Amino acid sequence: MIDHVRDLDLVREATDRLIDAASSWDNAMLAQPSRLPGWTRGHILAHLARNADALANVLTGLPMYPDAATRDADIERDAGRPLGEQLADLRTSADRLAAVAAEPADWSRTVELRNGVTDSASRVPFRRWVEVSLHHVDLDAGYELEDLPEEFTTREIAFLADRWSGRADVPPVTLRIGPADDAAAPSWTTGGTDGKPVVLGGTGAELLGWLAGRGDKGARLAVLEGPGLPELPPL
């Protein structure tokens with residue numbers, strides 16, 4: 001069962017961790033490339049601020065973004081600001097989202113995100129946790145997949161495994177954390193029904209890297225069964 005109150009606390013902790021890390025930068029470091037093609041670190045911070053506003057919109061019944069072009073233009077507009085402005089915006093937008101989330105509401109209701117995607121309102125805080133945590137890694141500033149909290153890693157593996165389930169372009173895959181012969185090790189299934197089944201084993205960070213297209217994208221995973229490491233489509 002989703003605990004949105006706990007997830008909101010986890011979002012705050014992840015946001016504080018990212019801001020604390022970025023506070024030691026200077027403007028030159030902010031302008032350096034991130035791990036996301038075509039984006040600087042400034043683009044990521046701008047995106048995170050605008051995403052907080054967008055999720056506040058979702059919780060109040062408004063469209064997440066007016067349209068894709070406006071979303072992209074807002075990020076581009078804000079990406080080149082000085083570090084102090086970026087961090088202040090990130091703090092205030094996070095506070096706005098927290099204030100909206102603190103208002104009495106039916107957290108079991110269905111809300112609409114981008115591109116017609118719907119979800120329970122109670123999962124919105126978790127989605128924000130994902131945004132802040134994975135983009136902290138994307139900043140390429142010393143915070144890695146291995147540094148993510150274990151709870152985040154296992155929950156995001158489960159979330160992404162579900163996202164890839166039923167996809168005809170992904171073979172049936174079983175994911176295992178820990179030794180191959182450990183029957184009690186956490187495991188998940190994903191992919192479709194066509195093709196030869198594959199069993200992958202590795203650490204939580206390695207499995208998450210493959211599912212999320214980050215890090216070495218699963219290059220260190222052990223192929224315990226099947227023809228090899230499948231290539232996932234872009235998220």
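This passage goes through the aromatic pairs, the charges over rings and one sheet of a predicted model.

Start with the rings. The count of aromatic pairs comes to three. In one of them, Phe-126 and Phe-159 meet edge-to-face, with 5.6 Å from centre to centre and 65° between the planes. Phe-126 belongs to helix α6 (residues 124-138) and Phe-159 to helix α7 (residues 150-164), so this pair ties together parts that lie 33 residues apart in sequence. Phe-126 is buried, at a relative accessible area of just 3%. Phe-159 comes out at 19% relative accessibility, and because the cut-off for buried is under 20%, Phe-159 still counts as buried.

Trp-129 and Phe-152 make another such contact. Their ring centres are 5.1 Å apart and the planes stand at 75°, so this pair is edge-to-face as well. Here too distant parts of the chain are linked, with Trp-129 sitting in helix α6 and Phe-152 in helix α7, 23 residues apart. Both of these residues, Trp-129 and Phe-152, are buried. Taken together, ring pairs join Phe-126, Trp-129, Phe-152 and Phe-159 into a cluster.

Rings elsewhere in the chain have charged company. Arg-41 lies over the face of Trp-25, at 5.6 Å from the ring centre. Likewise, Arg-71 places its charged end over the ring of Tyr-65, 5.7 Å from the centre of that ring.

Now for the sheet. Four strands form an open sheet in the order β4-β3-β5-β6, and the pairing is mixed. The edges are taken by β4 (187-190) and β6 (222-225); each has a single partner strand, so one side of each is left without a neighbour in the sheet. On average, neighbouring strands are turned by 25° against each other, direction ignored. In general, strands of a sheet pair through backbone hydrogen bonds, either parallel or antiparallel. Strands β3 (residues 173-177) and β5 (residues 198-202) run parallel and are joined by five bridges. Within this stretch of the sheet, Val-173 stands opposite Val-198 in β5.

Which strands does α7 touch as it packs on the sheet? The contacts of α7 are with β3 and β4, and the direction of this helix makes about 20° with that of β4. Helix α7 is also the one that carries Phe-159 and Phe-152, so the helix holding these two rings of the cluster is one that packs on the sheet. Helix α8 (residues 204-212) packs on the sheet too, touching β3, β4 and β5, and its direction makes about 150° with that of β3.

How values were computed. Residues numbered from 1 in each chain as written. Predicted model: local features only at pLDDT ≥ 70, side-chain atom pairs only at ≥ 80, totals over all residues. Heavy atoms only, no water. Phe/Tyr/Trp six-rings, centres within 6.5 Å; stacked < 30°, edge-to-face > 60°. Helix = DSSP H or I, 4+ residues; strand = E, 2+ residues; numbered from the N terminus. Buried < 20%, exposed > 50% of the residue type's maximum accessible area, 1.4 Å probe, protein only. Lys NZ or Arg CZ within 6 Å of the ring centre and 35° of its normal. Pairing = 2+ DSSP bridges. Axes fitted to C-alpha atoms, helices over the stretch in contact; angles between N-to-C directions. Contact = heavy atoms within 4.5 Å.
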